[in-house]
Structures are given as C-alpha cells and as structure tokens.
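I set out to keep a short notebook on one protein chain. My aim was to look up its strands, its cores and its disulfides in turn.

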Amino acid sequence: MMQRVLKRIEQDNRECNVGMSYAGRIGAGGGPSSARFDGALVLIYSVDGCNGGNNWGYTAQVYGVKDDTAVEIGKPQSWSIVKGADFNDKRAVIYAVAQGPGDAHCCPSEGKTIEVTVNNGQAVFRQIKAWHNSN
C-alpha cells in the first residue's frame, strides 16, 4: 500500500525529485474514526529540484487506511528540514526545523516537535515543543 501512495505522491510532484524519509503506521484514534479506518499511514518525504530550481523541503501527509484503500485525511504539513520521526500505535512525533525570522534559505533555525494523531477521521498536527537549532 505504501508503494502505491508513494507513486501517487511522485505523480503529483512529477517535475521534482521525491524521496521517502520516514514512514509509519499509527492508530485510528478511537471513536468514529476507528469504524472508518483500521489505522493511519504517516509519510514524510522530501521534494527538491522542482522545474530545475534550487528549492527543497519536507512534507508530512497522513492517510486513513481501511482494507486495501488509503485516503488522505488532512492537509499536508511542510517544513524546511525533518531531522527525525518516531512512531507508536497511537501517534507519530516529527522533529522538524522551519525558517525563522531573518534566516537565510540555507539555514532554518526554528525547531518544532510535532505530534501527529487521528481524531474523528482527520489528521491532527499539534506542536508540542519548540527549540532553536544552531546550525
């Protein structure tokens, strides 16, 4: 299933280089979403070189999974860099760095720890910690 979703992401970004960075499965979150989905797939991938440009970034997308079908269940989130991700049966935790005020494009400094869960059939991204990255 993950390979099919990755192919879809590559097609959506066909003018770019797409690379899978982290992937994992988390729970559906209980309540109505448990009936709708068996779980959720969290994919974190990089995109760069779009249309030959010097652009890059990381995106996280969440898909609800039921049987052999994956449905996007929330707006994708993006950061300059993702330094890591942890997954368990209830949530994913993403360690990302974004552009801060006055940062050069090469050197983002605003660190964020983001929790990803599923609630009522929708992906929920919540910042649980902020930190400063000294490059």
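The entries below record what I looked up, topic by topic.

**Entry 1: Confidence**

I noted at the outset that this is a predicted model. I looked up the confidence for the chain and found a mean pLDDT of 90, with 96% of the residues reaching 70 or more. I then asked where in the chain confidence is lowest and where it is highest. The lowest value belongs to helix H2 (residues 32-36), at a mean of 71, and the highest to S6, at 96.

**Entry 2: The sheet S6 to S9**

I traced an open sheet of four strands, in the order S6-S7-S8-S9, with antiparallel pairing. Strand S6 (81-87) and strand S9 (122-132) each have a single partner strand and stand at the edges, so one side of each is left without a neighbour in the sheet. From one strand to the next, the twist averages 20°.

I next went through pairs of strands in this sheet. S6 and S7 run antiparallel and are joined by six bridges. A hairpin of four residues connects S6 to S7. Within this pair, I found that Gly84 has Tyr95 in S7 as its bridge partner. Strand S7 (residues 92-98) is also joined to strand S8 (residues 110-119), by seven bridges and again in the antiparallel sense. Here I noted Ile94, whose bridge partner in S8 is Ile114.

**Entry 3: Strand S2 and its partners**

I looked up strand S2 (residues 39-48) and found nine of its ten residues buried. S2 pairs with strand S1 (residues 17-26) over nine bridges, in the antiparallel sense. In that pairing, Gly24 stands opposite Val42 in S2. S2 is also joined to strand S3 (residues 56-66), by ten bridges, and these two run antiparallel as well.

I chose Ser46 for a closer look, as its place is in strand S2. Is Ser46 buried or exposed? Its relative accessible area is 16%, and the cut-off for buried is under 20%, so Ser46 counts as buried. Ser46 stands opposite Tyr58 in S3. Leaving out residues up to four places away in sequence, I listed its contacts as Asn17, Val18, Gly19, Ser21, Gly57 and Tyr58.

**Entry 4: The nonpolar cores**

I recalled a general point before this search: in soluble globular proteins, nonpolar side chains tend to be buried together. I then asked which residues of the largest nonpolar core touch the most other members. They are Val62, Trp79 and Ile94, in a core of 20 residues. The elements giving two or more residues to this core are S2, S3, S6, S7 and S8. S7 gives the most, with four residues.

I followed Ile94 further and looked up its contacts, setting aside neighbours within four places in sequence. Among them are Ile44, Ala60, Trp79, Val82 and Val116. Ile94 also touches Ile114, which I had recorded as its bridge partner in S8. I found a second, separate core of eleven residues, including Leu41, Leu43, Tyr63 and Val65.

**Entry 5: The disulfides**

I asked how many disulfides the chain has. The count comes to two, and with the bonded cysteines numbered in sequence order the pairing is 1-2, 3-4.

One disulfide joins Cys16 to Cys50, with an S to S distance of 2.1 Å. This pair links distant parts of the chain, 34 residues apart: Cys16 lies in the loop between helix H1 (2-12) and S1, and Cys50 in the loop between S2 and S3. The torsion about the S-S bond of Cys16 and Cys50 is about 115°, so this disulfide is right-handed. Cys16 counts as buried at 18% relative accessibility, and Cys50 counts as buried at 17%.

Cys106 and Cys107 form a disulfide with their sulfur atoms 2.3 Å apart. The torsion about the S-S bond of Cys106 and Cys107 is about -80°, so this disulfide is left-handed. Cys106 is exposed at 52% relative accessibility, whereas Cys107 is partly exposed at 29%.

**Entry 6: Positive phi values**

Lastly, I looked up residues other than glycine with a positive phi. Asp67 has a phi of about 55° and lies in the loop between S3 and strand S4 (69-72). Asp67 counts as exposed, at 65% relative accessibility. Asn120 has a phi near 50°, and its place is the loop between S8 and S9.

Note on methods:
Residues are numbered from 1 along each chain as its sequence is written. This is a predicted model: local features need pLDDT of at least 70, side-chain atom pairs count only at pLDDT 80 or more; totals for chains, interfaces and linings use all residues. Side-chain values use heavy atoms; hydrogens and water are left out. Two strands pair if DSSP finds at least two bridges between them. Axes are lines fitted to C-alpha atoms, for helices over the stretch in contact, and angles run from 0 to 180 degrees between N-to-C directions. Buried means under 20% relative accessible area, exposed over 50%, partly exposed in between (1.4 Å probe, protein chains only). Contact means heavy atoms within 4.5 Å. pLDDT is the predictor's confidence in each residue, from 0 to 100. A nonpolar core is a set of buried Ala, Val, Leu, Ile, Met, Phe, Trp, Tyr and Cys residues joined through side-chain atoms within 4.5 Å. A disulfide is a pair of cysteine sulfur atoms within 2.5 Å.
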